[in-house]
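Trainee: Could you take me through one part of this structure up close? I'd like to start with a hollow inside it and then see how the pieces around the rest of the chain fit together.

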Amino acid sequence: MRIHSLDTRLINQIAAGEVVERPASVVKELLENSLDAGASRIDIDIEEGGKRLIRIRDNGLGIHREDLALALSRHATSKIASLEELERVASLGFRGEALPSIASVSRLTLTSCEKDSDQAWQIQSDGSEQSAAPKPAAHAQGTTIEVRDLFYNVPARRKFLRADNTEYKHIEGVVQRIALSRADVAIHLKRGQKAVLQLAAGALFEEQGRRIQEICGEAFFSQCIHLDQSVTDYQLHGWVGLPAFSRAQADMQYFFVNGRMVRDKLVAHAVRQAYRDVLFHGRHPAFVLYLEMDPRAVDVNAHPAKHEVRFRDSRLVHDFIYRTLHAGLADVRPAAEESVSVATPASSASAASYQTGAAAVSYPSGFQGGAQRSMPLPQVNEQLTQYAKLHPTPPSAASSVATQVVDDNGDIPPLGYALAQLRGIYILAENSQGLILVDMHAAHERITYEYLKKSWQGEGIRSQPLLVPLTLSVSQREADLAEERQDWFTGLGFEIDRLGPEQLVIRQLPALLAKGNVETLLRDVLSDLLEYGQTRRIEETINELLSTMACHGSVRANRQLTLVEMNALLRDMERTERSGQCNHGRPTWTVMTMDALDKLFLRGQ
């Protein structure tokens, strides 16, 4: 067959295969057009999972009469006009492919009234090359697009659509993601004649939180913290779930770059690294995060459906996301100091709070986590130095413990004061909220682990030369990378030289890794560096060893503690980063409020 040009209709249908995967894809493209048009309210009607009807109406700027037919032609757009504008594009749409692709596989009706115009115009398309001329219509300012009988002229595509409920669930997910990206836009979703979502617009922080709560649920919103961190040209803000609120699947992870919902491997890797030390094995974090950056530093023209982006400085973006989340999660502990500005509880503006799997506990904002409070009982006069039997205490902390005095008028600490020990496993304590239960071993394991990490970081990395250097065969790219990052490896305790185009030799390694599988570790490190430009595998491997040491060195079950020792453990928990979870991600404490206890025993009913 000779080479020939394809006709316009076939070209559009081929393009539709990339842009229009299912009804949810249509909804996404049309909603993005509405947002680009400056709409403050969007109404969505869905019938039969979007197969029969998708109607989207907005109150945006509208489309000029002479541009209606052009809007249904390929590569026609009002959003960019040059390569320079493409490189700094800030709109959600810019290719001019969505409307003609949708029109080529459906019966489409476009009705629009331009701003400050007293006449609306309508144009129709049935998938053919020729569209009818615009005709007058009745319509308020804005645009309505009706998409009927999706894939009616492409039976092969239509038969691959799922059941109506399945397709509707995909549409609902798209609407929720769009709603999370723009809390300042009112969105109403109807399925048939039933209103499903009615989200009011709001630009204030409290209104944004209400939008998060309506879409992600009360459980997430009551167990998340708000982050807002800026550095140079980047700003990361949003809500991240506490480790206690984790998911079996990665189904509550929303990440937006300049208002665009993206699914990016680099972002996912940075988030996983930040949660690695506090999340239970096999669980996934939940978050709604927004990254604001210079549009010129991110390429949004990387995927036909615009789900993926490319960062021009991926290493810097990865490091910024990781460090912000890592610091925010580290600051979440039973005692939160007012000076911490990175992470603030989402459910309270006036009190420092910590959320657990059972309930939310609020504490006076004036309480300082490092302050020592004494128990208003005779036992407080005992020597607290007995707690040194549990784990080594830093000199500064030891002096404060030795000089602790009674303060009957002081505030009750977040974890309260110990009452008793249950079966040698749990510490029972009382605070202003009710009953605190602490897993003794898990809590002490975290305290010891964090102490070992700080000690290791303070002393620096001790290296150990190898009697027999280890030779490693790698690809040329990996060998080039190892040679390029030689100073970085040296800082981590390695001495790596290049023997040939595809051969490395390890002459020295960190002493803690002397008995580990260094060859596998180094291959994984080089693989991460090639894919993400970053890696923390070496630090994580060392941390795993420290975690094992902390586990074996922590107080065991059936160890009887005195009240003084239990209270010292509670105070250490209030000072220690990430003390809400042990090294394996299990919770270390929970609370039963007085209201919960009253309900349990039917008091007041």
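**A hollow and its surroundings**

Mentor: Let's start with the lining of the largest cavity: Val 89, Ala 90, Ser 91, Val 257, Asn 258, Arg 260, Pro 295, Val 298 and Val 300. Keep in mind that this is a predicted model. By class, that lining splits into six nonpolar residues, two polar ones and one charged one. The volume of this largest cavity is about 60 Å³. If you count cavities of 30 Å³ or more, you get four.

Now for a pocket. The second largest pocket has a volume of about 820 Å³. Its lining takes in 33 residues, and the ones nearest the centre are Asn 33, Ile 63, Ser 78, Lys 79 and Leu 99. Sorted by class, the lining of this pocket holds 15 nonpolar, nine polar and nine charged residues. Where do those residues come from? At least two each are supplied by helix H2 (23-36), strand E2 (53-58), helix H3 (68-71), helix H5 (98-103) and strand E6 (142-148). H2 gives the largest share, with five residues.

Two of those strands, E2 and E6, lead us to a sheet. It is an open sheet of eight strands, and its order is E5-E4-E3-E6-E2-E1-E7-E8, with mixed pairing. Strand E5 (135-137) and strand E8 (194-199) are at the edges with a single partner strand each, so each has one side without a neighbour in the sheet. On average, neighbouring strands here are turned by 15° against each other, direction ignored. H2 comes back at this point: H2 packs on the sheet and touches strand E1 (41-47), E2 and E6. The direction of H2 makes about 10° with that of E2.

You can follow one pairing in this sheet by eye. Strand E3 (residues 107-113) and strand E4 (residues 120-125) pair in the antiparallel sense, over five bridges. Look for Leu 108, whose bridge partner in E4 is Ser 125. As background, strands of a sheet pair through backbone hydrogen bonds, either parallel or antiparallel.

Further along the chain there is another open sheet, with four strands in the order E19-E20-E21-E25 and antiparallel pairing. Which strands stand at the edges here? They are strand E19 (417-422) and strand E25 (589-593); each has a single partner strand, so one side of each is left without a neighbour in the sheet. Neighbouring strands in this sheet are turned by 25° against each other on average, direction ignored. E19 pairs with strand E20 (residues 426-430) in the antiparallel sense over five bridges. Within that pair, Leu 422 has Tyr 426 of E20 as its bridge partner.

Two helices belong in this picture as well. Helix H13 (residues 440-459) packs on the sheet and touches E19, E20 and strand E21 (434-439). The direction of H13 makes about 65° with that of E21. Helix H18 (residues 563-575) lies across E19, E20, E21 and E25, and runs at about 115° to E19.

For a hairpin, try strand E23 (residues 495-500) and strand E24 (residues 503-510), which run antiparallel and are joined by five bridges. The hairpin links E23 to E24 through two residues. Arg 498 has Leu 504 of E24 as its bridge partner.

Last, let's look at how some helices meet. Two packed helices are described by the angle between their axes and the distance between the axes. Take helix H14 (residues 476-484) and helix H16 (residues 518-532): their axes come within 10 Å and cross at roughly 90°. H14 is therefore roughly perpendicular to H16. On the H14 side, the contact is made by Arg 477, Glu 478, Leu 481 and Ala 482, while H16 brings Leu 526, Leu 529 and Leu 530. By class, this contact has five nonpolar, no polar and two charged residues.

H16 also meets helix H10 (residues 265-275), where the axes come within 11 Å and cross at roughly 130°. H10 and H16 are therefore oblique to each other. Here the contact is made by Lys 265, Leu 266, His 269 and Arg 272 of H10, together with Asp 528, Glu 531 and Tyr 532 of H16. By class, the contact of H10 with H16 has two nonpolar residues, one polar and four charged.

Notes. Residues are numbered from 1 along each chain as its sequence is written. This is a predicted model: local features need pLDDT of at least 70, side-chain atom pairs count only at pLDDT 80 or more; totals for chains, interfaces and linings use all residues. Side-chain values use heavy atoms; hydrogens and water are left out. On a 1 Å grid over the protein atoms alone, a cavity is a set of points where a 1.4 Å probe fits but cannot get out, and a pocket is an open set with protein on both sides within 12 Å along at least five of seven lines; lining residues have an atom within 4 Å of a point. Grid points are joined across faces, edges and corners, and a volume is the space filled by probe spheres set on the points. Ala, Val, Leu, Ile, Met, Phe, Trp, Tyr, Cys and Pro count as nonpolar, Asp, Glu, Lys and Arg as charged, and the others, Gly among them, as polar. Axes are lines fitted to C-alpha atoms, for helices over the stretch in contact, and angles run from 0 to 180 degrees between N-to-C directions. Angles under 35 degrees count as roughly parallel, over 145 as roughly antiparallel, 65 to 115 as roughly perpendicular and the rest as oblique. Contact means heavy atoms within 4.5 Å. Two strands pair if DSSP finds at least two bridges between them.
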